There are 2 protein chains.
Amino acid sequence: MGRTLIPHSLAKTIGHDMGRRIGIKDVAAAAGVSATTVSHILNEVEGKRVNPETRQRVLETARQLGYAPNGLARGLRLRRSNTIGFVSDQIATTPHAGRIILGAQEEAAKHGLLLLMLNTGGDPELERKEIDLLLQRQVDGVLYASMYHRVVEVPERLRSVPTVLLDARSDDPGVPSVVPDEVLGGETAVRELVRHGHRRIGFITNVDDIPATHGRLEGYRRALAEAGVAEDPRLVVADVSEAVGGYRAALRLLQAEERPTALFCFNDRMAMGVYRAAAELGLSIPADLSVIGFDDQELISDGLFPGLTTVALPHYEMGARAVVQLLALTGTPDQESGPGAQAQEMLPCPLVVRASVASPPRL
Amino acid sequence: MGRTLIPHSLAKTIGHDMGRRIGIKDVAAAAGVSATTVSHILNEVEGKRVNPETRQRVLETARQLGYAPNGLARGLRLRRSNTIGFVSDQIATTPHAGRIILGAQEEAAKHGLLLLMLNTGGDPELERKEIDLLLQRQVDGVLYASMYHRVVEVPERLRSVPTVLLDARSDDPGVPSVVPDEVLGGETAVRELVRHGHRRIGFITNVDDIPATHGRLEGYRRALAEAGVAEDPRLVVADVSEAVGGYRAALRLLQAEERPTALFCFNDRMAMGVYRAAAELGLSIPADLSVIGFDDQELISDGLFPGLTTVALPHYEMGARAVVQLLALTGTPDQESGPGAQAQEMLPCPLVVRASVASPPRL
DNA sequence: TTGACTTGTGTCATCGATGACATCGAGTGG
DNA sequence: CCACTCGATGTCATCGATGACACAAGTCAA
């Protein structure tokens, strides 16, 4: 029952070599030493003296045989799998996922760690099962990722393993997390508009009660305050965070008297709707109206005309930083990856300048 | 040096239990039987008789202690890690990635397998190293995924392990692969236009020499032939596969005399450009012009107005099928996951109807 | 009554790598 | 000349789970 991994017939076709993978003993035998010695040499164990000649011979033998250590055996012995779990709620629904994963994976690889991917689909029952699978695999830690910034509860099972929240935060300040700095992001966007001379700046926000909503609004306010502009509540309009919501909100804002000369949109999708509204109203972007988005979904921001200036979520960075935090928890030998770990880390969101922002008309 | 995974101080804060995870021996001791017996019971080994009373007691003990088998140890012993590698070239650059991964992951989970993720970034040197990491982890097989349908060479290292190509194909017909059926996809799109009564159908294609280009064009031709429409070479225009390319191509096609009443676009991004061109020319979609895209990038197709009818790439399905194929190679016990494996599998691309297709004007 | 069987369970070796400790020969100082 | 150190390498147990096989106690037929 499945002892042999590959049916012989197939194996031949595809070109597998059927022999066992060679282990440390094979190298030892071939080099005429003991397995221990080989281990010492290959791992460059300190405090172990080895005859340079022997070392050379063993190294050469290992190379020739194409020896690669068996991670399972090593993991068993060392009680460390060099593997971390990546659990996400909705890996698929957002294009952001890729960059978070990439950041995590590349940072992990730097430390010889591999990522075990899992998607719960938001189903708690499934989540329990999947986390169990992860624990069985003896993961050294877990990245618990959300696909948009929010507050989550850490599942009970994960308490037995070092865990870092990714694009999510816990109410328990003891749980390390990495999230984007929404406030600063909002500030960045609005400052850019202010910098171009805008004073009447609308904010098209969304209706969901999530950190991004509150944070970006707060950032909007701070930037206005900083510029000495009094906030006009009529300039803040909320709608669903999709193209159609942006469209509706923009129509409202742009048809009011004393219309804003610039719009800061909760996200790029809403900005997409703003473009349509502007076109229908005969307003040219950026000559008549400056627009700035959030998220930097390149499909949109690059696809729109003119290109949408926006604030990028630091997805790659978040993934990478989360791994660093996890490493700090698990106490790896090499911890030279930037700033030390903080419990709840917030990453800045960089401005991505394209072509949708200019000075306001009729200055 | 890192023997203990968690610094004690931190551990306390976060709530890790510092004790070793309990192993089979602990259960055995607690239940007053041998480890072997526990193993037999938990694995429901056939041909092994166990006293129902003992079974009950062991099961209960295991549950109480929260026992979970150590995957590393089991993998070592059974020479099977129940893990498969997912190697992709560009995990991040496309939103499709998520769904492929999800499909693969969910199908894998059904069989108790976990996915080890890796991204090569297209760097062969890095790829070699990463694949080595995978092999060290004793993966049972590898999914080698490309982020757009193309022909690839299987890296030398992977020949020692069962491999299935995902959204990629090899010249060697012996290498199993799963790709979308581009030709059928093109046919599907154009048939939809024909069905609505269109006869003058333009094809905005791209300039890259990849299977999608040739396949979709072939599908376009077949559908026309099927409808008894003579192909007019002036109706096929190629440009870069982005919004701007679609924009340019559309301007050309729509400003020519006897303009097409419908446009089939190589992808949704090009269709996005077509929308802009149509708007500039004062053509209303779908009243004056029907448009159909390809890829179903929801960000676009759902964000455009009116919604873009398009042909979806079966990403989720591809991921899932690839796992099934891999399972067939590795010979798992349960192989009841749909149709049996074929060497080079092509999956149909379903039509996604939104609102950009209608009957041609002035019938 | 005894050998053949059944039933239920335990013993032991094994998977591959590693660390603590043992060993062994060659120097070295007293 | 001998106890001792040091350099170089080997022995053995171990990590946790599992399979082949052994074994003890009971059942049954001859």
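Biologist: Looking at this predicted model, how many nonpolar, polar and charged residues does the surface near DNA strand C have?

Modeller: Sorted by class, that surface has eight nonpolar, eleven polar and six charged residues. Among the 25 residues around DNA strand C, those that come nearest are Ile24(A), Tyr67(A), Arg74(A), Arg77(A) and Ser34(B).

Biologist: What makes a residue count as near a strand?

Modeller: One of its heavy atoms has to lie within 4 Å of the strand. Of the atoms of DNA strand C that are within 4 Å of the protein, 64% belong to sugar or phosphate, and the rest belong to bases.

Biologist: Which helix supplies the largest share of the surface near DNA strand C?

Modeller: The largest share, four residues, comes from helix 5 of chain A. Helix 3 and helix 5 of chain A, together with helix 3 and helix 5 of chain B, each supply at least two residues of this surface.

Biologist: Why is the approach of Tyr67(A) to a phosphate oxygen of DNA strand C called a polar contact?

Modeller: An N or O atom in the side chain of Tyr67(A) is 2.6 Å from a phosphate oxygen of DNA strand C, and the cut-off for such a pair of atoms is 3.5 Å, so the pair qualifies. Thr37(B) has a side-chain N or O atom 2.9 Å from a phosphate oxygen of DNA strand C, and for a polar side-chain atom of Ser39(A) the distance to a phosphate oxygen of that strand is 3.0 Å.

Biologist: Which residues come nearest to DNA strand D?

Modeller: Thr54(A), Ile24(B), Tyr67(B), Arg74(B) and Arg77(B) come nearest, of the 26 residues around DNA strand D. Here 63% of the strand's atoms within 4 Å of the protein belong to sugar or phosphate. A base oxygen of DNA strand D lies 2.9 Å from a polar side-chain atom of Thr36(A), whereas Ser34(A) places a backbone N or O atom 2.7 Å from a phosphate oxygen of DNA strand D.

Biologist: Turning to the protein itself, how do you know that strand 6 of chain B is largely enclosed by the rest of the structure?

Modeller: Six of the six residues in this strand, residues 201–206, are buried, and therefore the strand is largely enclosed. In a regular strand the side chains alternate between the two faces of the sheet. In strand 6 of chain B both faces are covered, with Ile201(B), Phe203(B) and Thr205(B) buried on one side and Gly202(B), Ile204(B) and Asn206(B) buried on the other.

Biologist: What makes strand 6 and strand 7 of chain B a pair?

Modeller: Pairing asks for at least two bridges, and four bridges join these two parallel strands, so they count as a pair. Within strand 7 of chain B, Asp239(B) is the bridge partner of Asn206(B). The chain crosses from strand 6 through helix 9 (residues 211–227) of chain B to strand 7, and this β-α-β crossover is right-handed. Strand 6 of chain B is also joined by four bridges to strand 8 (residues 262–265), and those two run parallel.

Biologist: Why is Gly219(B) called buried?

Modeller: Its relative accessibility is 0%, and the cut-off for buried is under 20%, so Gly219(B) meets it. This glycine is found in helix 9 of chain B, and, leaving aside residues up to four places away in sequence, Gly219(B) touches Val183(B), Gly186(B) and Glu187(B).

Conventions. Residues are numbered from 1 along each chain as its sequence is written. Chains are lettered from A and ligands numbered from 1 in the order in which they are written. This is a predicted model: local features need pLDDT of at least 70, side-chain atom pairs count only at pLDDT 80 or more; totals for chains, interfaces and linings use all residues. Side-chain values use heavy atoms; hydrogens and water are left out. Buried means under 20% relative accessible area, exposed over 50%, partly exposed in between (1.4 Å probe, protein chains only). A crossover is right-handed if, with the strands pointing away from the viewer, the path from the first strand over the helix to the second runs clockwise. A polar contact is a pair of N or O atoms within 3.5 Å; within protein, one must be able to donate a hydrogen and the other to accept it, and residues adjacent in sequence count only if both atoms are side-chain atoms. Contact means heavy atoms within 4.5 Å. Ala, Val, Leu, Ile, Met, Phe, Trp, Tyr, Cys and Pro count as nonpolar, Asp, Glu, Lys and Arg as charged, and the others, Gly among them, as polar.
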